[in-house]
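Trainee: Please pick one part and look at it closely with me. Then connect that part to other places worth a visit.

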Amino acid sequence: MELEKMMLVDGVPVAIEGERNLLEVISKTGVKLPVFCYHSDLSIYGACRMCMVEDERGRLMAACSTVPRAGMNIKTNTGRLRKYRKNILELLLASHCSDCTTCEKSGKCSLQEIAVQFGIKNVRFENVKDKSERDESSPSIIRDASKCILCGDCVRECNEIQRVGAIDFAFRGFDAKISTAFNKPIAETLCVNCGQCAAACPTGAIIVRDDSEKVWSKLDDPSVFVTCEIAPAVRVGIGKELGLGDSENAMGKIIAALHRMGFDEVFDTATGADMTVIEEANEFVHRIENGETMPMFTSCCPAWVQYVEKKYPEFLPNVSTCRSPMSMFAAVIKDYYKDNLPEGKTSHYHVALMPCTAKKFEAKRDEFKVENEPNTDDVITTQEMIKMIKKSGIIFNELEPEAVDLPFGTMSGAGVIFGVTGGVTEAVLRKLAADNSKTTLAQIKYTGVRGMEDVKEATVPYGDRELKIAVVSGLSNARRIIKDMQKGIVKYDLIEVMACRGGCISGAGQPYISQMHRSKRSDGLYRSDRVSTIKRSQDNPLMTELYNGLLKNREHELLHVHYVK
């Protein structure tokens, strides 16, 4: 390696190969510097100063915001640096509430983890943090300012990645804090409940609301018939924390665990996705043939729907009238068991296991209630389910896999890939395809709708015309597409939007992963599709049974919704 591309890290020569900052170069030497405010997906902020390093002249610099240069001689672990980092930690702890053992984030809190790493047993400074009132107004997240360390991760996630702008820094110096506009409750802001702020938060300042106790109370009641549907993305997001490989398909074990905990019947939301594919494809064709409002936006993501409602209400007519797979399936399940409760059961409680925090909001929408009763009684996230499994004492990786229950026991591979960006579009294209041959499916696969890119475009032949399609993940990217549409720069027929980058596999209810690991979860869903006997939603025999039975002449009532400005 040429000397002009080398530097020293703790005396070890290391090559500079296009890294953005010293932090990335240092990581190649096997050294992990402590950080709070650094996320590879976010802009560089340099606020926490925990990643400070020292050069040969004794100058201190933040590794996250310093560009590497050839010939640099950096030290990462001097006595001065250790003392410096310990002082920062003590100051942070002195302005942080001390209920760590009962905190929701205990065991996964970066502040707690690094304090243990540096052996901090006591804090020399007086604790000056007021016990702030918790903001529990949102159905999806809870904010606790007393646990905030002002790292700014949530602000940058909300403003850079999602472009929602629900929170930001307020005031200066000692009075600085993260706040909503005019300090309003988060539920009264532009927040769309995507929860990505909670996913980025290194402490317990923003957490996902935990509704598991309500579910436990229903499971403990012998008169209540409890059902659960499991979203496709959950199966590749739950395993790593429960003793399985990263992105391993754990669907069979999840079902077994739910049965063990007391759920009476367990279903796969991919079945609901099959209904969504059929309805969405039919609506898309109807719009094309009748010259109705175009382009058509997908409607599976509740955070995206809220984003349109709050930011671009003029585009609500473009949003598909189809309910999400969760809400479609919940309506069907509730309607079926209305007159089919097992003997000894007097009421029915339906739970959805989702990767998404916005689903908690969706379940409470008036549009998805019948006689003021929700079709989905509760939504628990993957993270909540992991806690429930651990609380039950179940050794997850030793469970024998089990199958979903009847009467909703079949689903297609097209329904499973809904959990990844581009999956909805690919499933719709399979529905519109003239045949289900391997050649045709392969051609759809390589149209350009797959992949972890934030924005993908594809042109697909349909009849005597070509369909122009965009697949978008991340709300800031959706905003960019909308702006380009308004300027007349781009024109599409179908636009799939997922609020979370990479799709539901990166939902805030899932255990957190960085951008580089999203493809592993994506591959897990595509592997499930490959081994699926049924590839297209319309080839699922259960769909024929439902459309000739329970859904006959009731498709609009149970499967569609109209959002109004």
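## From a surface strand to an enclosed helix

Mentor: Phe169 lies in strand 7, residues 168-170. Keep in mind that this is a predicted model. Phe169 has a relative accessible area of 33%, so this residue is partly exposed. Together with Tyr45 and Leu150, Phe169 makes a nonpolar surface patch of about 240 Å².

Now go inside, to the part I want to show you closely: helix 7. This helix covers residues 251-261, and nine of its 11 residues are buried, so helix 7 is largely enclosed by the rest of the structure. Buried here means under 20% relative accessible area. Which residues of helix 7 are buried? They are Met251, Gly252, Lys253, Ile254, Ile255, Ala256, Ala257, Leu258 and Met261. Notice that Lys253 is on that list.

What do these buried residues pack against? Two of the partners are helices: helix 6 (212-219) and helix 12 (382-392). The others are strand 10 (224-230), strand 11 (265-268) and strand 13 (347-354). Just after helix 7 comes Gly262, with a positive phi near 120 degrees.

Follow strand 13 next, one of those packing partners. Seven of the eight residues in strand 13 are buried, so it too is mostly covered. Strand 13 pairs with strand 10 in the parallel sense, over seven bridges. Across that pairing, Glu229 stands opposite Ala352 of strand 13. Strand 13 also pairs with strand 16, residues 378-381. That pairing is parallel as well, over four bridges. Here Ala352 stands opposite Val379 of strand 16. Ala352 therefore gives you a handy marker: find Glu229 opposite it in one pairing, and Val379 opposite it in the other.

Next, the charged residues. The model has 36 salt bridges. Start at Asp211, which is buried at 8% relative accessibility. Asp211 forms a salt bridge with Lys214, where the closest N and O atoms are 3.5 Å apart. Lys214 is partly exposed, at 36% relative accessibility. Asp211 has another partner, Lys360, with the closest N and O atoms 2.7 Å apart. That pair links distant parts of the chain, 149 residues apart. Lys360 sits in helix 11 (residues 358-364), and Asp211 in the loop between strand 9 (206-208) and helix 6. Lys360 counts as buried, at 3% relative accessibility.

Another salt bridge joins the side chains of Glu309 and Arg365, at 2.7 Å from N to O. This pair also links distant parts of the chain, with the two positions 56 residues apart. Glu309 belongs to helix 9 (residues 302-311), while Arg365 is in the loop between helix 11 and strand 14 (369-370). Glu309 is partly exposed, with a relative accessible area of 23%. Arg365 is buried, at 10% relative accessibility. Return to Asp211 for the wider picture: salt bridges that share partners join Asp211, Lys214, Lys360, Asp378 and Glu384 into one network.

Now the nonpolar interior. Which members of the largest nonpolar core touch the most other members? Of its 54 residues, these are Ile167, Ile206, Phe297, Trp304 and Ile495. Take Trp304 as the example. Leaving out residues up to four places away in sequence, Trp304 touches Phe297, Thr298, Leu475, Ala478, Ile482, Val497 and Ala499. Apart from that core lies another, of 49 residues, including Ala231, Ala233, Ile238 and Leu242.

Finish with the backbone. Most residues other than glycine have a negative phi, and most peptide bonds are trans. Look for the exceptions. A cis peptide bond joins Met294 and Pro295, with omega about 0 degrees. Pro295 is in the loop between helix 8 (269-290) and strand 12 (296-297). The bond from Leu406 to Pro407 is also cis, with omega near 15 degrees. Pro407 is in the loop between helix 12 and helix 13 (413-416).

Then check phi. Phe182 is not a glycine, yet its phi is positive, about 60 degrees. Phe182 is in the loop between strand 8 (177-179) and helix 5 (196-200). Its relative accessible area is 79%, so Phe182 is exposed. Glu371 has a positive phi too, near 55 degrees. Glu371 is in the loop between strand 14 and strand 15 (373-374). At 78% relative accessibility, Glu371 counts as exposed.

Notes: Residues are numbered from 1 along each chain as its sequence is written. This is a predicted model: local features need pLDDT of at least 70, side-chain atom pairs count only at pLDDT 80 or more; totals for chains, interfaces and linings use all residues. Side-chain values use heavy atoms; hydrogens and water are left out. A nonpolar core is a set of buried Ala, Val, Leu, Ile, Met, Phe, Trp, Tyr and Cys residues joined through side-chain atoms within 4.5 Å. Buried means under 20% relative accessible area, exposed over 50%, partly exposed in between (1.4 Å probe, protein chains only). Contact means heavy atoms within 4.5 Å. Patches are made of residues with over 30% relative accessible area and no salt bridge: like charges are joined within 9 Å, nonpolar side chains (Val, Leu, Ile, Met, Phe, Trp, Tyr) within 5 Å. Accessible areas come from the Shrake-Rupley method with a 1.4 Å probe; for residues, only the protein chains shown count as cover. A salt bridge is a side-chain nitrogen of Lys or Arg within 4 Å of a carboxyl oxygen of Asp or Glu. Two strands pair if DSSP finds at least two bridges between them.
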